[in-house]
Amino acid sequence: MIRTGLIGFGLGGTAFHAPLIEAVDGLVLAAVGTSRADAVQAAYPGVRAVSPDAVIADPDVDLVVISTPNPTHFPLAEAALNASKHVVIDKPLTPSVAQAEVLIALAKAQGRMLVPFHNRRWDSDFLAVQSLVESDRLGEILLFEAYWDRFRPELSQAWKEAEGAGQLLDLGPHMIDQALVLFGMPEAVQGDVASQRGNSLVDDYFNLTLFYGVRRVVLASSRMIAAARPRFALHGRRGSFVKYGLDPQEAAMRAGGSVRDPNHGLEDPAQYGKLTMPDGLSEIITSERGDYRRFYAGVAAAIRDGTPSPVAAEDALGGLKLIELAKRSAQEGRRIPVA
């Protein structure tokens, strides 16, 4: 068994990491680094609640999972890697390219895994999109659009409203990662990043365009949109595919649902996307079963058997480079080549 220590028991720790770790064969939740000992004992009796430093120092912990505010990702991961632990980090891997490069080099020097938690590769709708692109039914994709909108006009006291956070670092890593899985690194990026709510300290709107020859990939998100735009819209030389709605796993897990439920990860058929051909004929495309357990099953297999990491740290590094270029593009008002 791979003894796993989780640092952070907020939303990410309680709704995502702890339930997934507990549900994957080969992993066992051994300790949680948090001040919320009562919450840990209520949810996982017998699991120790200790300090983050104690998790990292524990000689029986093999894997450290970091689900804490963005500015703490680098120091916690650096300490864990120096303690010869494998490390999973919730997105973003780090707030900056420079910090990510340090961690990647350190992981290689220590012979340990550094894995970004890009669980959205296993969203039900993205799996359907990926299969559709690979099938070539749409032909060459000329325009790919992905939107992820919310309506949260009021500022909160959450750390995501503080320095080192913001919409682009919150949802951007997932959306960019999905684009990179489909199309690889672009030739250039143009970004529009803004704060649209009064007195906001962080960005709450972004619109990125990634350039691939004649193909355009548009990734956009806002906290001020009540009527959501399509989650995905793909337009190719042979037709179009459009779908609305979000993968159901997060909502189910936040509501206390079990990942072992036989219906977990199955999208409501009302949200399936529609494929439309030039002759006007259309077809509903069934979304695949989403399953974030596949991420942690991949982590366990990589540690135990030496199989490839389910998400390469270099993939997250590429995404962070695009985020930094997008911010520079927004400041300078121009398209920036990707070196």
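Okay, quick bit of vocabulary before anything else: when I say partly exposed, I mean a relative accessible area between the 20% below which a residue is buried and the 50% above which a residue is exposed. Also, keep in mind that what you have up there is a predicted model.

So let's use that term right away. Asp136 comes out at 36% relative accessible area, so Asp136 is partly exposed. Where does Asp136 lie? In the loop between helix 6, residues 124-135, and strand 7. And the backbone there is a bit odd: Asp136 is not a glycine, yet its phi is positive, about 65 degrees. Ser84 does this too, with a positive phi of about 65 degrees and no glycine in sight. Ser84 is in the loop between helix 4, residues 73-82, and strand 5. At 34% relative accessibility, Ser84 is partly exposed as well.

One more backbone item, then. The peptide bond from Lys91 to Pro92 is cis, and omega there is near -10 degrees. Pro92 sits in the loop between strand 5, residues 86-90, and helix 5, residues 97-110. Why flag these spots? Because most residues other than glycine have a negative phi, and most peptide bonds are trans.

Lys91 comes back in a second, since we're moving on to the pocket. The largest pocket has a volume of about 730 Å³. Its lining takes in 32 residues, and the ones that lie nearest the centre are Leu11, Lys91, Trp159, Lys160 and Asp170. Which elements give two or more residues to that lining? Helix 1 and helix 9, the latter being 249-254. Helix 1 gives the most, with 3 residues. If you're thinking about electrostatics, here's the class breakdown of the lining: 13 charged, 10 polar and 9 nonpolar.

Right, on to the rings. How many aromatic pairs does the structure hold? There are 11. Let me walk you through a couple. Take Phe16 and Phe117: the ring centres are 6.5 Å apart and the planes are at 75 degrees, so we call this pair edge-to-face, the cut-off for that being over 60. Phe16 lies in helix 1, residues 11-23, and Phe117 in strand 6, residues 114-117, so this pair ties together parts that are 101 residues apart in sequence. Are these two buried or exposed? Both Phe16 and Phe117 are buried.

Then there's Phe144 with Phe232, and that pair is tilted, with 6.0 Å centre to centre and 55 degrees between the planes. Again, distant parts of the chain get linked: Phe144 is in strand 7, residues 141-147, Phe232 is in strand 11, residues 232-236, and the two are 88 residues apart. Phe144 is buried, at a relative accessible area of 1%, and Phe232 is buried too, at 0%.

Phe232 has another partner, by the way. The charged end of Arg231 sits over the ring of Phe232, 4.4 Å from its centre. There's a similar arrangement elsewhere, where the charged end of Arg335 sits over the ring of Phe211, at 3.7 Å from the ring centre.

Last thing, back to Phe16 and Phe117. Ring pairs link them with Trp122, Tyr292, Phe295 and Tyr296 into a cluster. Okay, that's me done, so over to you for questions.

Notes:
Residues are numbered from 1 along each chain as its sequence is written. This is a predicted model: local features need pLDDT of at least 70, side-chain atom pairs count only at pLDDT 80 or more; totals for chains, interfaces and linings use all residues. Side-chain values use heavy atoms; hydrogens and water are left out. Rings of Phe, Tyr and Trp (its six-membered ring) pair if their centres lie within 6.5 Å; planes under 30 degrees apart count as stacked, over 60 as edge-to-face and the rest as tilted. Helices (H or I, at least four residues) and strands (E, at least two) are DSSP runs, numbered from the N terminus. Buried means under 20% relative accessible area, exposed over 50%, partly exposed in between (1.4 Å probe, protein chains only). A charge sits over a ring if NZ of Lys or CZ of Arg is within 6 Å of the ring centre and within 35 degrees of the ring normal. On a 1 Å grid over the protein atoms alone, a cavity is a set of points where a 1.4 Å probe fits but cannot get out, and a pocket is an open set with protein on both sides within 12 Å along at least five of seven lines; lining residues have an atom within 4 Å of a point. Grid points are joined across faces, edges and corners, and a volume is the space filled by probe spheres set on the points. Ala, Val, Leu, Ile, Met, Phe, Trp, Tyr, Cys and Pro count as nonpolar, Asp, Glu, Lys and Arg as charged, and the others, Gly among them, as polar.
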